[in-house]
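User: I have this model open and would like a close look at a single part of the chain, with the rest brought in as context. Please start from one residue and work outwards from there.

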Amino acid sequence: MYLNAISHPGDDKSTVLLFGWIYHPLYDVLGADVARVRAAGIAMTFLCCAVAGWVVLGVGVPSRHQAPPRPLRLALAGGTGAMGLLIYAGMPISPSYNSLALQSVAITVAGLGPGLYSTGLRGWLGWAVAGIGEAVAFGAKPTTAAVLGILIIFVSFSDVRRYLRGLTVALACAAAVGLGTAILVRQPPAHIVDTVAAGAKVTELLGNHPALIRLDPVVLLPAIALMGLLAATCLGMASWCLPGVSSVDRRGVAVSMLLIVAAGLSSVAVFALVGSGRDGSSITDASALLCLLPGMTLIGGVVALAKIGRTTSLGVSTAKPQTDRLFIVILLVLPLVHAFGTNNNYWSSAGRASTFWLMSAGLALAGRGSVGNRMSLACLGYGVLITETLLSASIWLPYHQGSLLEATVPTQLGPGSSEVRLSPNQAAEISSMRTVMQSHGMTRDTRIIDFTGVSPGFIYAVGARAAGQAWLLNDGPNSTTSATYALSRDRCVASGAWLLVSSGGKAIDHTAVLKALGLDYDRGYEAVGKISTVAGSQSPGGSGISVFKPSATSDDASCTSSSTGER
């Protein structure tokens with residue numbers, strides 16, 4: 001889906017996800033090289049989160065009377081960048097609306113810092129950057145953009161005299177960036193609104209995707225008990241160690257070591273959970289459990305600071321002004337903002353954005369004496385270790401694929417000369433089908449309708465383009481109705497598209513959809529070939545997926561031109 005949307009964002013006539021337009025220039029600049037596009041997307045995520053972390057650790061210094069040591073600030077900023085990569089744990093690594101949403105929230109944080117703490121030009125620039133982040137968030141996921149916008153408005157009204165003008169700057173910049181982007185991609189704003197509205201209708205028709213928050217129960221009760229015990233221990237130790245001034249350094253070290261040991265035990269638990277499953281679901285559950293723990297660790301640090309109050313025995317004043325408290329709260333809720341509207345497990349989705357919890361820990365702890373610095377380093381070690389563990393586990397069980405350790409065969413992927421490594425079976429199947437389909441006349445402009453709901457990656461892999469939507473979902477009670485509406489918005493393209501069809505599982509009723517579009521499946525198409533797996537996933541019902549091409553071109557007078565005029 002992601003590569004379909006990025007390579008040809010204009011092909012999708014009904015979607016609420018506009019991230020393809022934002023990433024498309026990157027795709028063009030890198031010559032459609034999938035490996036480079038993925039590497040660039042990962043680098044962008046790291047950079048956005050690292051810069052946000054650096055900015056967060058540089059604000060609020062007047063309330064601490066001591067800036068965090070530069071090495072500590074660099075380490076924590078690098079840690080926030082590394083934790084940003086949790087967005088790829090158990091998920092596809094191609095740039096997506098998930099990664100863009102995280103990047104947009106990080107951009108907003110990088111702007112809110114100077115906006116909240118500074119005046120003059122620096123403050124105005126901060127609010128402008130926050131507005132840019134809000135505009136990017138809309139391109140990633142409108143639901144996240146809506147909640148993020150509400151949060152920014154709430155922040156501005158917390159001190160109207162100080163922040164209202166900044167809010168005006170942010171809104172103006174968001175509108176300017178949105179309008180400028182529409183002009184650059186040559187899409188009238190009215191057309192973008194129509195596309196998003198149609199995408200919302202497709203989601204509504206699907207039947208099971210309107211839920212903006214899925215409070216799924218997190219399974220694996222023994223693991224929950226273990227995680228809860230570790231979190232409670234961290235909180236209790238953090239609260240206990242600080243009242244005694246004379247031994248505060250020794251106890252601060254003890255807390256740091258305890259948190260790092262807890263991180264190690266958690267990592268062992270992740271590997272145990274992953275080893276117990278045959279698919280990626282165990283990674284999702286582990287992510288939901290473990291990524292929440294940095295937040296619990298932060299709570300322990302905040303409680304500890306509250307116990308100190310205005311004590312100056314650590315050599316600095318630890319009284320926090322209203323702005324510090326406000327920014328800490330904002331950072332604490334941002335993972336929940338990022339996850340809003342994902343239609344996935346809410347806790348797991350929030351956990352993948354736990355880099356903002358590390359930022360809040362840094363703001364609350366770093367620069368507040370030796371104990372605060374040690375505790376912030378403990379949070380850093382914990383977060384980075386969990387990130388490394390989950391990403392390593394994702395190598396064994398990536399999204400809808402077998403182990404990446406088996407991906408050893410360089411294989412052409414996409415319409416250009418891009419190569420990625422696949423398992424021997426996947427490589428043979430993709431290469432074989434590409435050759436067969438090209439022998440039947442497939443080109444890089446050939447459109448394919450995926451009625452199986454499981455193989456959008458195959459469409460891009462063989463070098464073709466999706467019709468109707470980048471991914472026609474099949475997991476709703478009304479998937480056939482939803483697919484019919486999506487394809488009807490691009491009926492001329494659909495009438496000349498090839499088909500991916502499966503007779504098993506929850507596949508969309510392709511005959512009903514084609515009939516509604518005025519097409520005859522039985523007499524209008526001829527078989528090209530058959531595949532048994534797609535991107536490592538079994539096809540519905542295990543019956544294989546058949547590829548069909550139109551036996552004749554459409555003679556509909558309203559479809560005299562097959563050119564869409566879009567990238």
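## A walk outward from one residue

Analyst: Happy to. Arg-491 is partly exposed, because its relative accessible area is 32%, and values from 20% to 50% fall between buried and exposed. Please keep in mind that the model is a predicted one. Arg-491 belongs to helix α22, which covers residues 491-495. A partner from further along the chain is Leu-517: 26 residues separate it from Arg-491 in sequence, yet their C-alpha atoms are 6.9 Å apart.

From here we can turn to the sheet. Which strands make it up, and in what order? The open sheet has 5 strands, running β4-β3-β5-β9-β6, and its pairing is mixed. Its edges are β4 (465-466) and β6 (525-531); each has a single partner strand, so one side of each has no neighbour in the sheet. A helix lies against this sheet as well: α19 (residues 424-439) packs on it and touches β3, β5 (498-501), β6 and β9 (545-550). The direction of α19 makes about 160° with that of β6.

Look more closely at the β4 edge. There, β4 pairs with β3 (residues 447-450) in the parallel sense, over 2 bridges. One residue to look for is Ile-448, whose bridge partner in β4 is Ala-466.

Ala-466 turns up again when we look for enclosed empty space. Rolling a probe the size of a water molecule over the atoms shows where such space is left. Searching the whole structure gives 4 cavities of 30 Å³ or more, and the largest cavity has a volume of about 60 Å³. What lines the largest cavity? Its lining residues include Asn-4, Ala-5, His-8, Asp-11 and Asp-12, together with Arg-465, Ala-466, Gly-468, Gln-469 and Ala-470. The elements giving two or more residues to this lining are α1 (2-7) and β4, so the edge strand we have just visited also borders the cavity. By class, the lining holds 3 nonpolar, 4 polar and 3 charged residues.

Moving on from the cavity, we come to Lys-13 and a residue in helix α10 (residues 189-206), Val-196. Lys-13 and Val-196 are 183 residues apart in sequence, while their C-alpha atoms are 8.5 Å apart in space. Leaving aside residues up to four places away in sequence, Val-196 touches Thr-15, Val-16 and Leu-18. Is Val-196 buried or exposed? Its relative accessibility is 15%, so Val-196 counts as buried.

Two backbone details are worth a look while you are in these parts of the chain. Most residues other than glycine have a negative phi. Ala-32, in the loop between α2 (19-29) and α3 (34-58), has a positive phi near 60°. Arg-186, in the loop between α9 (160-184) and α10, also has a positive phi, of about 60°, although it is not a glycine. How do they stand towards the surface? Ala-32 counts as buried because its relative accessibility is 15%, whereas Arg-186, at 74%, counts as exposed.

Finally, here is the wider setting. The chain has 24 helices and 9 strands. Of its 567 residues, 55% count as buried. Among contacts with a separation of 6 or more, 72% join residues 24 or more positions apart.

Definitions and conventions:
Residues are numbered from 1 along each chain as its sequence is written. This is a predicted model: local features need pLDDT of at least 70, side-chain atom pairs count only at pLDDT 80 or more; totals for chains, interfaces and linings use all residues. Side-chain values use heavy atoms; hydrogens and water are left out. Two strands pair if DSSP finds at least two bridges between them. Helices (H or I, at least four residues) and strands (E, at least two) are DSSP runs, numbered from the N terminus. Contact means heavy atoms within 4.5 Å. Axes are lines fitted to C-alpha atoms, for helices over the stretch in contact, and angles run from 0 to 180 degrees between N-to-C directions. Buried means under 20% relative accessible area, exposed over 50%, partly exposed in between (1.4 Å probe, protein chains only). On a 1 Å grid over the protein atoms alone, a cavity is a set of points where a 1.4 Å probe fits but cannot get out, and a pocket is an open set with protein on both sides within 12 Å along at least five of seven lines; lining residues have an atom within 4 Å of a point. Grid points are joined across faces, edges and corners, and a volume is the space filled by probe spheres set on the points. Ala, Val, Leu, Ile, Met, Phe, Trp, Tyr, Cys and Pro count as nonpolar, Asp, Glu, Lys and Arg as charged, and the others, Gly among them, as polar.
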